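I opened the notebook with a short list of things to look up. Strands came before helices, and odd backbone angles came last.

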Amino acid sequence: MAQGSRPGAAAGGWGEGAVAIRVPATSANLGPGFDTLGLALSIYDELTVEELPGGELRIDVSGTGAESIARDESNLVARSIWHVFEAVGIDAPGLRIDARNGIPHGRGLGSSGAAVAAGVLAAKGLLAGRAELSDTDLLRYATELEGHPDNVAPALFGGLTIAWLENGVPQHKKLLVHRGVSPLVFVPETTMSTSAARGLQPSQVPHADAVFNVSRSALLIAALMQSPELLLSATDDKLHQTYRAEAMPETHRLVQALRAEGFAAVVSGAGPSVLVLADGPGRRLEAVEVARRAVDTAWEPLMLAVDFKGGTVRDIAEGALEHEF
């Protein structure tokens, strides 16, 4: 087990007060819903977290991207837990964290948002009986850490979420997705920095493009909830994907090839993964065949479901689910 900069803790089983957390991957933007819409997907990070005395820190990580995860005080899950403890006025504890990662890193599937969501949910579980945290509190703390709520909202609450700021306070609305909507994600071997992708966006856009995206965002809600046959038109975008295309040429090429064949394909989050919102499970196999013909580079197709639960936390000793949205 890897040890961070704080002294190591005793090995052994999980003690009283340990909690188990599961958080889903997410895809933000969904085409026109830039920094607003997010969808929870059925790939998961699973963690077990326990408070330790004396400021000890022990972190063990396995699974996807494990080699790149910090094992010291810069670890994002640990930082998120301590952030919540500090916010409620309780001294930051030592921690033992065992993470089993399933969400690809740096691929536009919300890996950092999932880590933040896992941390605030772990804090909620560890603080049970000492501090009560509402859904609004969890979203606020997660947004403070992540910088924007479009990924952390679906990671916390599941389903399709609309996220916005009201007087500087993050808010969300969770919506149910039509059962005919069938997500497919194409994951490349390459990664993309979210900050680098954001840096490609202009500070101003034409009025006509803004109006275009407002109409498509409204249509997208209807398509996802009631009318999947409208998904191709509803996922069209003029605010961010074109500007990022030069940094992700293979992503852009795949999106264009899929859309030309009638598939609602978009850049997943900041990329470089591609999300297809198919209007039925069988259509996904057709999309895989289109992708095989359209690009030369390797893409891993993941046929997923919409995750409706979002993040969960349970007390290990009691075996009871403490929190489910």
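In what sense do β7 and β9 pair, and over how many bridges? I checked, keeping in mind that this is a predicted model. The pairing is antiparallel, over five bridges. S182 is the residue I noted here, standing opposite A278 in β9.

**Entry: the sheet around β7**

I then looked up the other partner. Strand β7 (residues 182–188) is joined to β10 by five bridges, and the two run antiparallel. I picked out two pairs. V185 has L302 in β10 as its bridge partner. V187 stands opposite E300 in β10.

Next I wrote down the whole sheet. It is open, has four strands and follows the order β8-β9-β7-β10, with antiparallel pairing. Which strands stand at the edges? They are β8 (265–267) and β10 (299–303). Each has a single partner strand, so one side of each is left without a neighbour in the sheet. From one strand to the next, the twist averages 25°.

I went back to β7 for burial. Seven of its seven residues are buried. I sorted the side chains by direction. S182, L184, F186 and P188 point one way, while P183, V185 and V187 point the other way. Both sets are buried. V185 and V187, with their partners in β10, belong to the second set.

**Entry: β4 and its two partners**

I moved to strand β4 (residues 94–101). Is β4 mostly covered or mostly exposed? I found it mostly covered, with seven of its eight residues buried.

Then I took its pairings in turn. Strand β2 (residues 33–52) runs antiparallel to β4, and seven bridges join them. I marked E51, whose bridge partner in β4 is L95. Strand β3 (residues 57–63) pairs with β4 in the parallel sense, over seven bridges. There I marked I59, which has I97 in β4 as its bridge partner. I added a reminder for myself: strands of a sheet pair through backbone hydrogen bonds, either parallel or antiparallel.

What hand does the unit of β3, helix α1 and β4 have? I traced β3, then α1 (residues 76–87), then β4, and the β-α-β unit is left-handed.

**Entry: helices**

I looked at helix α2 (residues 111–126) for its span. It has 16 residues and reaches 22 Å from its first C-alpha to its last. That is close to the 22 Å expected at 1.5 Å a residue. I also checked cover, and 15 of the 16 residues of α2 are buried.

In helix α6 (residues 207–225) I looked up A222. Why does A222 count as partly exposed? Its relative accessibility is 29%, and buried means under 20%, exposed over 50%, so the residue falls in between. I also noted a distance from A222. The C-alpha atoms of A222 and A234 are 8.7 Å apart, with their positions twelve residues apart along the chain.

**Entry: rings and charges**

How many aromatic pairs are there? By the rule used, I count zero. I then searched for charges over ring faces and kept two cases. R22 lies over the face of Y44, at 3.7 Å from the ring centre. K238 lies over the face of F212, at 4.5 Å from the ring centre.

**Entry: backbone angles**

I kept the unusual angles for last. Most residues other than glycine have a negative phi, and most peptide bonds are trans.

L30 is not a glycine, yet its phi is positive, at about 55°. I placed L30 in the loop between β1 (19–29) and β2. Is L30 buried or exposed? I found it buried, with a relative accessible area of 0%.

D35 also has a positive phi, near 60°, and is a residue other than glycine. D35 sits in strand β2. I checked its accessibility as well. At 24%, D35 counts as partly exposed.

Which residues does the cis peptide bond join? I noted G271 and P272, with omega at about 5°. P272 is found in the loop between β8 and β9 (274–278). That brought me back to the sheet I started with, where β8 and β9 come in the order β8-β9-β7-β10.

Note on methods: Residues are numbered from 1 along each chain as its sequence is written. This is a predicted model: local features need pLDDT of at least 70, side-chain atom pairs count only at pLDDT 80 or more; totals for chains, interfaces and linings use all residues. Side-chain values use heavy atoms; hydrogens and water are left out. Buried means under 20% relative accessible area, exposed over 50%, partly exposed in between (1.4 Å probe, protein chains only). Two strands pair if DSSP finds at least two bridges between them. A crossover is right-handed if, with the strands pointing away from the viewer, the path from the first strand over the helix to the second runs clockwise. Rings of Phe, Tyr and Trp (its six-membered ring) pair if their centres lie within 6.5 Å; planes under 30 degrees apart count as stacked, over 60 as edge-to-face and the rest as tilted. A charge sits over a ring if NZ of Lys or CZ of Arg is within 6 Å of the ring centre and within 35 degrees of the ring normal. The expected span of a helix is 1.5 Å times one less than its number of residues. Axes are lines fitted to C-alpha atoms, for helices over the stretch in contact, and angles run from 0 to 180 degrees between N-to-C directions.
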